[in-house]
Structures are given as C-alpha cells and as structure tokens.
Amino acid sequence: MRANSNFDRLEQSYLFSTVARKVAAFKQANPDVTVIKMGIGDVTQPLAPSIITALSQATKEMSQADTFRGYCDDAEGYEFLRAAVTDHYARLGADLGLDEVFISDGAKSDLGNILDIIESGSKILIPDPVYPAYVDTNVMNGNTILYSKGTIENGFAPLPDDSVDVDVVYICSPNNPTGAVYTAEGLAAWVAYALEHNALIIFDSAYEAFIREPGLPHTIYEIEGAEKCAIEISSFSKRAGFTGVRCGFTVVPRNLEVCESNLNAFWRRRQNTKFNGVPYIVQRAAQAALSETGRKETAEQVDTYLRNAQIIGDAFDSMGIAYTGGRNAPYIWARCPKGMCSWDFFDLMLEKAHCVATPGVGFGSAGEGFVRFSAFGRTDDCKTAMERIQQMLEEEELI
Ligand code: MLT
C-alpha cells in the first residue's frame, strides 16, 4: 500500500488548528485570564426563531411513522430546498433551474469535493492571500498551484493576466480573509479570461449576505457568460448561523462543458456515488432561513456582525492602523504595526491583550505583515478587545 504522498507537501497543521492549539496552551498556562477570540470566523448568535421552529417541526415529523423520512431520493437535495435556493438566485437576478442546484453539508466540503470532477495534475490559479482550504485540497489532489497576488495596490482583488494559462481559477468574493469585494467589471474580466482560456471558475460566495453596497455582484451568474464557465459554492454558515448545523449549496450550470464533458452530469454522478444528502431536518431549517421571515431575522444578525466590524474598523482608524474590509464582509484585514510579522503580532496580542486574531501569513505569503479580525463575536467582546489592543499598542509604543 502507498499513502497519498501529496500529503507530505502540506503544511504540518491546518491554520485554524495551529491557532487553536496556541490559544489552548496559553489558557492552560494562564487559567485566570479571559481570552477574546476574533480568530476563526465562527458565528456567536443563536439560530433565528423561524429556523428553530422549522427544526423542531421537522424533528416531530421524524418521530412519527407516517412522516418519518429515510434516505432522500435525490442526493442533490429535497426539491423544497432547491426551489428556495433558485428563488434566492432569482432575487439576485440569476435564473437557475432546479437541476442546477446541489445541496451540500457546507461550502468547505464541496470546495474540496469538486476536485473529483477535475483531472488531477491540473493547473490551478488561487488568490494569495485566501482561505487555506483551497490550497490544501489542491495539494492533496496533486494539482499544480499558481498564485494571483492580492495587494494593497489592487485592493486585494487581483485581475487576470492573459499571459498565464490555467485550467481552474478560484475566486472568493467577499473575500476571506481581506474582506475585498469584486466589482461587476472585475468579475467580468475573470469570466472573459475563463471563456478565452477554456478555464473553469470556482466562485466561493459564502459571505454574499454581507454585501450591502448597491451595485456589487452577489453571484457570479450576474455576469454574462458565467453559466458557461463557472461553478458557485455557497453556504448557510455565515448568512444564517449554520456553522454547527451544516448546510450549503453548489450551483453547476446545466450546460457547463469542459472539453465536451458536461460538469453538471459529472457532479451529479459524483454526488450520487459518494453522498447521501443532508439530513431532512437540516434542509427544512435551511428552507426556513430563505423564507421571508427567515431572511429578515438573519439579515438582522448579519447587521449586528457588520456593526461589530464597524467598531473594529473605527478603533483602528483612531489608532492609525491601516486596514481593509469590514464594510461588505465580516473580516477586517489589518496591517501589523511598525512592520511586525503576522505571528509575532499574534503572539504579542495573545500575551499582552489576551485577544486572538488570525495571522495573515496563514492565508498565504502575501498575507505576511497582516492579521485578520473576525467580526462574528459578541459586540461587548469586540469593544473590550479593541480597548485592550489600543492599550497594548500604546504601552509597547507601537502607535
Ligand atoms: C474562517 O475563519 O476563515 C472560516 O470560518 C473558516 C471556515 O469557514 O471554514
């Protein structure tokens, strides 16, 4: 037997596990200290009332023989949820059919699973900095990775370089970790690139619900031609607090062809073989999240996180710390003071301010010198954290 030697090329540990381990060690050594976590983007508000009602009704159905459900006939998800997702896209101005929507147990799983329908050894273009799961899953698959660099100059929204030829392009907008959001012109440039180079776009829209500025695209399918070159992967985690419930959706357009292979048919085949679907009660909860009441309740939750982002951003403004994001995204991407490197600043914040952010370099080498703050915490904690950080920066003469 031979193990997958691609694993030898991975970083020793996944970014968020390394951060969690460091925080656990600090807490063990300092049990009386209260650590405020603004590291991983995990939600803190409870599920909205309409979602809880749907969950408990579905649970009741499961308790009675005549309404009990076993396997879902379609691994791609119950029709009631796929219809709710196509209605959601219709509100965003994209016309999708039920056969183009696949319900998943979250965006992270499908961002990795999708590689099953892409030939191993493909050339993949990944933004740097970016969500580390893109890189890790492609390393595991033996693909060749090229990077498109996000910088302050390009607003962390790099545009295509026509001289570079790749098979697959990943785009995350609103971006994790920088909070940057592509304009329609920026996405149109990527769609034109993909059509010209016969490349596939994998568009991660997990943070779509945070876009509040009018005119910014919420889905790649707002861009003409995207249905011929793009798969979109999204999630209920951040829009409706499902990080612990697990549900997402993947859109593979009906006529998406690569070298005469139909990717919708390939993905359906893959799902039917490897996936038995998301639990019925979870799909009912997701349907409730997209109902009129659910949308109102969850938008209020997103508003709270955006207000937290504003608190963090305002505090950095008053300290003279440069940052991006936080306006249409739950992440604030801040420059470390006085040219410090990401992990040194992480350690200093943990030890002196008892606050956790994610070191920017963990999202790629272009993230060195930055840290990412998540706005998914409780508002009081955000305020306290920023006071502590300001005090620490003053004491250390870093501002
Ligand atoms: C993050 O902090 O980047 C995300 O919460 C991680 C995830 O969604 O898996």
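1. A disulfide here is a pair of cysteine sulfur atoms within 2.5 Å. Please keep that cut-off in mind for the cysteines below; note too that this is a predicted model.

2. Why does cysteine 382 form no bond with its closest cysteine sulfur? That sulfur belongs to cysteine 355 and lies 9.8 Å from the sulfur of cysteine 382, which is too far for a bond. Cysteine 382 is also buried, at 1% relative accessibility.

3. Cysteine 172 is a similar story to tell. Its closest cysteine sulfur, in cysteine 229, is 17 Å from its own, again too far for a bond. Cysteine 172 is buried, with a relative accessible area of 2%. Searching the whole structure turns up zero disulfides.

4. Now to helix H11, which covers residues 342-353. Its twelve residues reach 15 Å from the first C-alpha to the last, close to the expected 16 Å. The buried residues of H11 are Ser342, Phe345, Phe346, Leu348, Met349, Leu350 and Ala353. What do these buried residues pack against? Their partners are helices H1 (15-29) and H12 (379-395), together with strands S13 (355-356), S14 (358-359) and S15 (370-374). Just after H11, histidine 354 takes a positive phi of about 55°.

5. Lastly, have a look at helices H2 (residues 49-62) and H9 (residues 280-289), whose axes come within 8 Å and cross at roughly 150°. H2 and H9 are therefore roughly antiparallel to each other, and their crossing is right-handed. On the H2 side, the contact includes Ser50, Ile51, Ala54, Leu55 and Ala58; on the H9 side, Tyr280, Ile281, Arg284 and Ala285 are among the residues that make it.

Terms used: Residues are numbered from 1 along each chain as its sequence is written. This is a predicted model: local features need pLDDT of at least 70, side-chain atom pairs count only at pLDDT 80 or more; totals for chains, interfaces and linings use all residues. Side-chain values use heavy atoms; hydrogens and water are left out. Buried means under 20% relative accessible area, exposed over 50%, partly exposed in between (1.4 Å probe, protein chains only). Helices (H or I, at least four residues) and strands (E, at least two) are DSSP runs, numbered from the N terminus. The expected span of a helix is 1.5 Å times one less than its number of residues. Contact means heavy atoms within 4.5 Å. Axes are lines fitted to C-alpha atoms, for helices over the stretch in contact, and angles run from 0 to 180 degrees between N-to-C directions. Angles under 35 degrees count as roughly parallel, over 145 as roughly antiparallel, 65 to 115 as roughly perpendicular and the rest as oblique. A crossing is left-handed if the near helix is turned anticlockwise from the far one by less than a right angle, and right-handed if clockwise.
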